[in-house]
Amino acid sequence: MKPQKKPAPPPVVAPNVTTLDNDKPTMRQFALLEALAKMDRFATLQTLVEETGLPKPTVHRMLQQLEMAGMVQRDGDGRQYTTGLRLRQLAETVLLNNTVHGARHLVLRRLVEEVGETCNLTAFNGSEVVYLDRVETPAPLRFYLQAGSVVPAHCSATGKLFLAQMTPSQRRRLLGQVALERFTPNTLTDMDAIEAEIATVKRDGVGYDREEYLPGLICVAVLVPSTNRSSNLGLAVQAPSMRLTPQRVEAAIPALQRAAQALQAIEEQASSGPDINSLSA
């Protein structure tokens with residue numbers, strides 16, 4: 001009698017964290033954080049219940065635990081939730097240390113060599129711009145904003161570009177939930193003035209910070225293009241106003257656009273799998 005063949009084991013399928021077993025508390029919390037991180041707005045308790053499919057008391061308890069850990073924070077009227085500082089710092093650390101970082105950093109270095117001023121790579125988080133990477137100019141007079149620093153979007157060159165990708169109602173809802181602080185006499189805090197500025201940014205594809213965040217600091221920026229979704233990477237040149245004159249600003253824009261295209265190639269190559277390091281050679 002021939003021995004019977006053992007049945008082949010079932011294929012291993014990666015779990016979907018949003019449909020994980022309810023008896024795995026850690027993964028339930030991960031699913032909740034993932035749902036919150038995907039939202040482009042503040043979330044209520046009921047919204048998160050609907051997104052995760054978890055019982056309301058469970059979601060409420062987890063939000064309390066995550067808030068105590070700094071992974072979630074409350075905003076608005078205290079009944080809305082968004083990602084906390086500790087979670088954002090974790091995300092920034094991952095972004096700063098992955099294999100794409102080296103290729104991005106080389107593009108920044110080459111851009112600094114070309115334009116002679118400090119260059120930044122930024123991302124949009126909530127209502128703020130996060131500095132993912134930065135290469136300083138060798139010039140003795142410069143402003144220091146290290147990677148991981150955050151700047152409000154309404155007074156940031158790349159922030160205006162990120163805001164320009166939203167609809168007017170989305171912008172007003174987002175900016176209406178935060179204090180539009182006036183950092184300098186040039187800071188735009190009136191929504192109509194911000195909308196007029198955003199319209200120009202959207203038309204030209206270039207964002208400016210004309211001493212709106214720090215006195216004496218000028219910044220010009222473009223988005224890193226994205227073919228299938230809104231961009232969440234901005235590229236900027238910044239310098240003291242005495243050096244970054246309007247003429248030098250205009251001269252820097254083509255270099256910014258070329259560097260942004262190089263970064264787009266890195267992002268696309270990274271998402272498709274092969275080695276991205278060859279793209280920065």
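Colleague: Taking helices as DSSP runs of H or I with at least four residues, numbered from the N terminus, which helix does Met-191 lie in?

Modeller: In this predicted model, Met-191 belongs to helix 8.

Colleague: And is Met-191 buried or exposed?

Modeller: Met-191 has a relative accessible area of 17%, and because the cut-off for burial is under 20%, Met-191 counts as buried.

Colleague: What is Met-191 in contact with, leaving aside its neighbours within four places in sequence?

Modeller: With those neighbours set aside, Met-191 is in contact with Arg-172, Leu-175 and Leu-180. In addition, the C-alpha atoms of Met-191 and Gly-176 are 8.9 Å apart, although 15 residues separate the two in sequence.

Colleague: At what angle do the axes of helix 7 and helix 8 cross?

Modeller: The axes of helix 7, residues 168-175, and helix 8, residues 191-204, cross at roughly 135° and come within 12 Å. Helix 7 is therefore oblique to helix 8, and the crossing in which helix 7 passes helix 8 is right-handed.

Colleague: Which residues make that contact between helix 7 and helix 8?

Modeller: Helix 7 contributes Pro-168, Arg-171, Arg-172 and Leu-175, while helix 8 brings Met-191, Asp-192, Ile-194, Glu-195 and Ile-198. Sorted by class, this contact of helix 7 with helix 8 has 5 nonpolar and 4 charged residues, with no polar ones.

Colleague: Let's change topic. How do helix 2 and helix 3 pack, in terms of angle?

Modeller: Helix 2, residues 45-52, packs at about 115° to helix 3, residues 56-68, and their axes are 9 Å apart. Helix 2 is therefore roughly perpendicular to helix 3, and the two make a right-handed crossing.

Colleague: Which residues in helix 2 and helix 3 meet?

Modeller: Leu-45, Gln-46, Leu-48, Val-49 and Thr-52 in helix 2 meet Lys-56, Val-59, His-60 and Leu-63 in helix 3. By class, the contact of helix 2 with helix 3 comprises 5 nonpolar residues, 3 polar and 1 charged.

Colleague: Which are the buried residues of helix 2, and what do they pack against?

Modeller: The buried residues of helix 2 are Leu-45, Thr-47, Leu-48, Val-49 and Thr-52. These buried residues of helix 2 pack against helix 1 (25-38), strand 1 (43-44), helix 3 and strand 3 (80-83).

Colleague: What phi does Gly-53 take, just after helix 2?

Modeller: Gly-53, which comes just after helix 2, takes a positive phi of about 75°.

Colleague: Moving to the strands, where does Ser-127 lie, and is Ser-127 buried or exposed?

Modeller: Ser-127 sits in the loop between strand 4 (118-125) and strand 5 (128-135). With a relative accessible area of 19%, Ser-127 is buried, since burial means under 20%.

Colleague: What is Ser-127 in contact with, apart from its neighbours within four places in sequence?

Modeller: Leaving those neighbours out, Ser-127 is in contact with Pro-152, Ala-153, Leu-174 and Val-178. The C-alpha atoms of Ser-127 and Val-151 are separated by 8.9 Å, with their positions 24 residues apart along the chain.

Colleague: How many helices and strands does the protein chain have, and what percentage of its residues count as buried?

Modeller: The protein chain has 9 helices and 9 strands, and 46% of its 281 residues count as buried. About 15,300 Å² of the protein chain is exposed, with carbon and sulfur atoms supplying 55% of that. Of the contacts in the protein chain with a separation of 6 or more, 56% come from residues 24 or more positions apart.

Key. Residues numbered from 1 in each chain as written. Predicted model: local features only at pLDDT ≥ 70, side-chain atom pairs only at ≥ 80, totals over all residues. Heavy atoms only, no water. Axes fitted to C-alpha atoms, helices over the stretch in contact; angles between N-to-C directions. Parallel < 35°, antiparallel > 145°, perpendicular 65-115°, else oblique. Left-handed = near helix turned anticlockwise from the far one by under 90°. Contact = heavy atoms within 4.5 Å. Nonpolar A, V, L, I, M, F, W, Y, C, P; charged D, E, K, R; others polar. Buried < 20%, exposed > 50% of the residue type's maximum accessible area, 1.4 Å probe, protein only. Areas by Shrake-Rupley, 256 points an atom, 1.4 Å probe, with all protein chains shown as cover.
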